[in-house]
There are 2 protein chains.
Amino acid sequence: MLAEFDLIRRYLMPSQTPLPADGVALGGGDDAALLVPKAGHQLAVSVDTSVVDVHFPHDAPAFAVGHRSLAVALSDLAAMGADPRWCFMALTLDQRTFANDHAIHAWLEAFAKGFHTLCQRQATTLAGGDVTSGALTIGVTVMGEAPTGHALTRAGATPGDMIAVTGALGGGAGGLALWQRGERDLQHPLLRRYLLPEPRLAAGVALRGLASAAIDISDGLLADLGHLRKASGVGATLDMTSLPLAEALESSLGRDAACNAALSGGDDYELLVTLPAENVASAQRALGKLGLPLTVIGQCSDTLGVKGIAPNLGTGWQHFNEGAP
Amino acid sequence: MLAEFDLIRRYLMPSQTPLPADGVALGGGDDAALLVPKAGHQLAVSVDTSVVDVHFPHDAPAFAVGHRSLAVALSDLAAMGADPRWCFMALTLDQRTFANDHAIHAWLEAFAKGFHTLCQRQATTLAGGDVTSGALTIGVTVMGEAPTGHALTRAGATPGDMIAVTGALGGGAGGLALWQRGERDLQHPLLRRYLLPEPRLAAGVALRGLASAAIDISDGLLADLGHLRKASGVGATLDMTSLPLAEALESSLGRDAACNAALSGGDDYELLVTLPAENVASAQRALGKLGLPLTVIGQCSDTLGVKGIAPNLGTGWQHFNEGAP
């Protein structure tokens, strides 16, 4: 059995030479981290827990588990249009599920690499952590900043605003379906979408001042559109023919299952935004510079519920055409 | 089975009418909370995970589980001398371990009451949360503030500084021992110390400017003194006869077990501080106003290790008299 302190020092805090710019006055190793927030900014904070066999398969590659547990948390900052700054990791790990100490080290090394690689790419400093014993669970707290009053929320959509999504949809659910059928090639585009989602942080920041509301797609397009509609008090009409489907989704699952994955599958971690029609072109240009498409899929209305979904796409129509917007 | 959103709304966010002063621009229900840090302050942030049957017994009262999971996290802010501001809760709960929905509701209501009561008493706003399915685990992120440059750390002790502790020691380990023997009277002072510890937040703030270093006693006096000594690069001499023992500890466990509990037991969540001799009286006066004793138990030295511990108190002497300070 490895001691908690060793695990933290060795795997979770390997790059604790704080950069002058990273806003960490005191990093891991004291009772708390000391951070230096930027003046004129609000802090965006979110916590996300990833549990083995609930949020990821127990046999998922450790690198992907590390990447994914941070990615899903950062995705919430992307939806706020916040610049990521710091994160904290609470790792719960059952050492008895490993064959030996070597297996623990190998798993932790790959896990930490997945986590740290994404930290580095998204300019997020791991500023503290905690290791406990129990079923594999990764709790991640992410902290970002947005200039005061400029964060995106779910509540700003008004009737007439266009509804758009970044990237492509259905890849999360499609990748899970393939994984469950035994596909293990991590180069498969759908498996990558499921196991190694990319939080749309740069897109969220680029959409500040252009989008009227935003949410990330974790529960599925219709469910998350429901959250946004409820917070904003609007209805929506969707154009089913315009949904951008993930690469290889239709050929892997067939047309109906592909549409269902895009509508209700979840785990896509794309951004769903609303924006005035006159901002669409600017937003598409801004995201184009990031190599990311922004596709208009519908429009906000003052009529209750969601319209435009074919009745044979059952789950969407049944569950989300509720009485109140 | 209850839906995640219902659980969060009903039990974890009951008091989401942010006070004007609480620094919450946007509370739970969006992708992230938006917080407003105070100018001229640094943020102290810590995460703590409490796992069933690791950090608390599975049959501990739900109120105590709620209180305790927050208390142990806030204790880290106390050790930094930070004013608590916000917290976030990641609750993992296995609904299948309850007999029925009524039992889940009853447990959650008491759990939330324990958590919220301490939030209120310590002026800490629960600003967001996450509920997932799995073995009972409570991850708490706490955020506090201290004027820039005035937070207490583990690293400021110098040879000659006095070593002191708040309150009394050994109650955490003593309470656990009684619980394991079947004691269930929550009015028993030792059980209260174990299940309902009080984070010393006001004491931490009062010690800013007086203490040279601080840590909270979670792993045990000797272990935590070891962390402080290592961070500060000092040795220590302890006066065993001066250790303030928790009420009813010696009568419940006997003298030797009581001393061992105070030295190595952990879970006391008192503050261990160092301070120049000339500050001791001021610090005792400041803590006296809070109804809390501050007891000098030793002095920092430039000699390696810890001296003054009787050899028959084995764990302390054996484990912590290491070669380097």
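The domain assignment splits chain A into domain 1 (4-147) and domain 2 (162-320). This is a predicted model, so read what follows with that in mind. Taken over C-alpha atoms, the centres of the two domains of chain A sit 26 Å apart. Across the boundary, 28 residues of domain 1 of chain A are in contact with 20 residues of domain 2 of chain A. Below is a quick tour of the helix packing, the nonpolar cores and a handful of individual residues.

**Helix 2 against helix 3, chain A**

- In chain A, helix 2 (residues 62-80) packs on helix 3 at an angle of about 35 degrees, and the axes are 6 Å apart.
- The crossing of helix 2 of chain A with helix 3 of chain A is right-handed.
- On the helix 2 side of chain A, the residues that meet helix 3 are Ala62(A), Phe63(A), Val65(A), Gly66(A), His67(A), Ser69(A), Leu70(A), Ala71(A) and Leu74(A).
- Their partners in helix 3 of chain A include Trp107(A), Phe111(A), Lys113(A), Phe115(A), Leu118(A) and Arg121(A).
- By residue type, this contact in chain A breaks down into 12 nonpolar, five polar and two charged.
- Helix 3 (residues 101-121) of chain A also holds Ala112(A), which counts as buried at 6% relative accessibility.
- Ala112(A) and Tyr11(A) are 101 residues apart along the chain, yet 5.9 Å separate their C-alpha atoms.

**Helix 2 against helix 3, chain B**

- Over in chain B, the axes of helix 2 (residues 62-80) and helix 3 (residues 101-121) come within 6 Å and cross at roughly 35 degrees.
- This crossing in chain B is right-handed too.
- From helix 2 of chain B, the contact uses residues including Phe63(B), Gly66(B), Ser69(B), Leu70(B) and Leu74(B).
- Helix 3 of chain B brings in, among others, Trp107(B), Phe111(B), Gly114(B), Thr117(B) and Cys119(B).
- Sorted by type, the residues of this chain B contact are 12 nonpolar, five polar and two charged.

**Nonpolar cores**

- The largest nonpolar core runs to 74 residues, and the ones with the most contacts inside it are Leu70(B), Leu91(B), Trp107(B), Phe111(B), Ile138(B) and Val273(B).
- Helix 2 of chain B is the top contributor to this core, giving 11 residues.
- Domain 1 (4-147) and domain 2 (162-320) of chain B both supply residues, so this core lies between them.
- Setting aside residues up to four places away in sequence, Val273(B) touches Met162(B), Ile163(B), Ala164(B), Leu207(B), Ala211(B), Ala213(B), Ala214(B) and Leu294(B).
- Another core, of 73 residues, lies apart from that one, with Trp107(A), Leu118(A), Ala261(A) and Ala283(A) among its members.

**Helix 4 of chain B**

- Helix 4 (residues 171-180) of chain B is mostly covered, with seven of its 10 residues buried.
- The buried residues of helix 4 of chain B are Gly171(B), Gly172(B), Ala173(B), Gly174(B), Gly175(B), Leu178(B) and Trp179(B).
- Covering them are, among other elements, helix 5 (189-195), helix 8 (249-253) and helix 9 (255-265) of chain B.
- Just past the end of helix 4 of chain B, Gly182(B) has a positive phi of about 105 degrees.

**Positive phi outside glycine**

- Most residues other than glycine have a negative phi, and two loop residues of chain A are worth a look here.
- Ala248(A) has a phi near 75 degrees and sits in the loop between strand 9 (235-238) and helix 8 (249-253) of chain A.
- With a relative accessible area of 25%, Ala248(A) is partly exposed.
- Tyr269(A) has a phi near 55 degrees and belongs to the loop between helix 9 (255-265) and strand 10 (271-275) of chain A.
- Tyr269(A) is buried, at a relative accessible area of 7%.

**Two more buried spots**

- Gln42(A) lies in strand 3 (residues 41-51) of chain A and is buried, with a relative accessible area of 9%.
- Neighbours within four places in sequence aside, Gln42(A) contacts Gly144(A), Glu145(A), Ala146(A), Thr148(A) and Gly149(A), plus Ala25(B), Leu34(B), Leu35(B) and Val36(B) from chain B.
- Gly305(B) is found in the loop between strand 11 (294-301) and strand 12 (306-307) of chain B, and it counts as buried at 0% relative accessibility.
- The C-alpha atoms of Gly305(B) and Ala71(B) are 30 Å apart, with their positions 234 residues apart along the chain.

Methods. Residues are numbered from 1 along each chain as its sequence is written. Chains are lettered from A and ligands numbered from 1 in the order in which they are written. This is a predicted model: local features need pLDDT of at least 70, side-chain atom pairs count only at pLDDT 80 or more; totals for chains, interfaces and linings use all residues. Side-chain values use heavy atoms; hydrogens and water are left out. Axes are lines fitted to C-alpha atoms, for helices over the stretch in contact, and angles run from 0 to 180 degrees between N-to-C directions. Helices (H or I, at least four residues) and strands (E, at least two) are DSSP runs, numbered from the N terminus. A crossing is left-handed if the near helix is turned anticlockwise from the far one by less than a right angle, and right-handed if clockwise. Contact means heavy atoms within 4.5 Å. Ala, Val, Leu, Ile, Met, Phe, Trp, Tyr, Cys and Pro count as nonpolar, Asp, Glu, Lys and Arg as charged, and the others, Gly among them, as polar. A nonpolar core is a set of buried Ala, Val, Leu, Ile, Met, Phe, Trp, Tyr and Cys residues joined through side-chain atoms within 4.5 Å. Buried means under 20% relative accessible area, exposed over 50%, partly exposed in between (1.4 Å probe, protein chains only). Domain bounds come from an automatic or database domain assignment.
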